[in-house]
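Trainee: Got a minute? I'd like to go through this one with you.
Mentor: Sure, put it up.

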Amino acid sequence: MTQPNARPPVCDYEGSNYRTDFWEGQGRDYEDRVERIALRKLLPPTGRRLLELGAGFGRLTGEYRGYEQVVLLDYSRTQLKQAQEHLGRDDRFIFVAADVYHMPFKAGAFDATTMVRVLHHIANPETALREIRRILAPGSTFILEHASKRHLKSMVRYWLRRQSWSPFDLSPVEFVELNFDFHPDHIRRALNEAGFDIRRRIPVSLLRMPVLKRRVPVSVLAGIDALFQESGLLLTPSVFVGATAQGGTVDNTRVEDLFACPRCGGKMIVDDSQQLVCDRDGLRWQVRDGIYDFKAPLNDD
Ligand SMILES: C[S@@+](CC[C@H](N)C(=O)[O-])C[C@H]1O[C@@H](n2cnc3c(N)ncnc32)[C@H](O)[C@@H]1O
């Protein structure tokens, strides 16, 4: 489903059963395991405020337990509600419904950000990456996972003429509406242009094949994958990138420094009814059931 305005379209998970339709009992223990291995290789184990972009139902949020505060952002309120249930009550978590392209945060508010299985749905990665760079403090870590078009299976299919698009050219492939595979060098270039230095790129999910997953124990597949990750050969359907926001470091730990109006960038204040109000354009944003909701203001005419 897409948005009826000029903003980039959003792949809307509102009301979806992503957790049970895609993960639980769906034979993806291997993918889950190797993604966690790659994340641990790239992410500093401890830190202050981490932003998980497109957090979904919080599948990976447990990986961030070394952070003092974890902000889960997702466009889907229902995914965030599932994340609340999944994670249980813990004041370290802040749940925010908003769009990656227009985030309600101040510049430099975070010292780490992760985005896994989300770029896949982003029609305009350049715009999204610039916005992500804006909300990251200089010197901070960004871990980005993206689906890659340049993997072994797509190469073989291309050489056998069973696939029309080339895995080698840099343009993205939209194989289903708002589902994109990207060339690793396209994303490398977009990250550099958005103001990131790339530290390391890790190939992930080399063995994502139903026949192997049926016949070989997950621990064996994950062990082989972990070794292949060290090769750096980007021939897999998933790539994890560890990047650093360019510039020096700043202090960004105060809670009142977290939010800014997603429309005008103005300062947000909490009013008597505990809603957030922008002191520049007067727009009011609701806080309901523990979710800071920036999808639409309460008083938009
Ligand atoms: C495939 S799920 C991945 C969830 C989680 N990162 C994981 O790996 O389990 C993609 C998530 O990205 C969210 N999403 C997609 N486009 C978004 C956007 N423009 N802004 C915020 N969230 C978005 C969806 O709502 C969904 O929860």
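Trainee: Is arginine 161 buried or exposed, and why?
Mentor: Arginine 161 counts as exposed because it has 7 C-beta neighbours inside 10 Å. A residue is exposed if 12 or fewer other C-beta atoms lie within 10 Å of its own, buried if 20 or more do, and partly exposed in between; the C-beta atoms are placed from the backbone.

Trainee: How are the residues numbered, and what kind of model is this?
Mentor: Numbering starts from 1 along each chain, as its sequence is written. The model is predicted, so local features need pLDDT of at least 70 and side-chain atom pairs count only at pLDDT 80 or more, while totals for chains, interfaces and linings use all residues.

Trainee: Where is arginine 161 found?
Mentor: In the loop between α5 (152-159) and β6 (173-176). Helices (H or I, at least four residues) and strands (E, at least two) are DSSP runs, numbered from the N terminus.

Trainee: What about phi of arginine 161?
Mentor: It is near 60°, a positive value in a residue other than glycine. Most residues other than glycine have a negative phi.

Trainee: And what is phi of aspartate 289?
Mentor: Near 50°, so positive too, and aspartate 289 is not glycine either. Aspartate 289 sits in the loop between β12 (284-288) and β13 (291-293). With 11 C-beta neighbours inside 10 Å, aspartate 289 counts as exposed.

Trainee: New topic, strands. How many residues of β5 are buried?
Mentor: 10 of the 12 residues in β5 (residues 136-147) are buried, so this strand is mostly covered.

Trainee: How does β4 pair with β5?
Mentor: β4 (residues 110-115) and β5 pair in the parallel sense, over 5 bridges. Two strands pair if DSSP finds at least two bridges between them. Alanine 112 stands opposite threonine 141 in β5.

Trainee: How does the chain cross from β4 to β5?
Mentor: Through helix α4 (residues 125-135), in a right-handed β-α-β crossover. Right-handed means that, with the strands pointing away from the viewer, the path from the first strand over the helix to the second runs clockwise.

Trainee: In which sense do β5 and β9 pair?
Mentor: Antiparallel, with 7 bridges between β5 and β9 (residues 238-245). Glutamate 145 stands opposite phenylalanine 240 in β9, and alanine 147 stands opposite serine 238.

Trainee: How many bridges join β8 to β9?
Mentor: 8, and β8 (residues 196-204) runs antiparallel to β9. Phenylalanine 240 in β9 is the bridge partner of isoleucine 202.

Trainee: How many residues of β9 are buried?
Mentor: 7 of its 8, so β9 is mostly covered.
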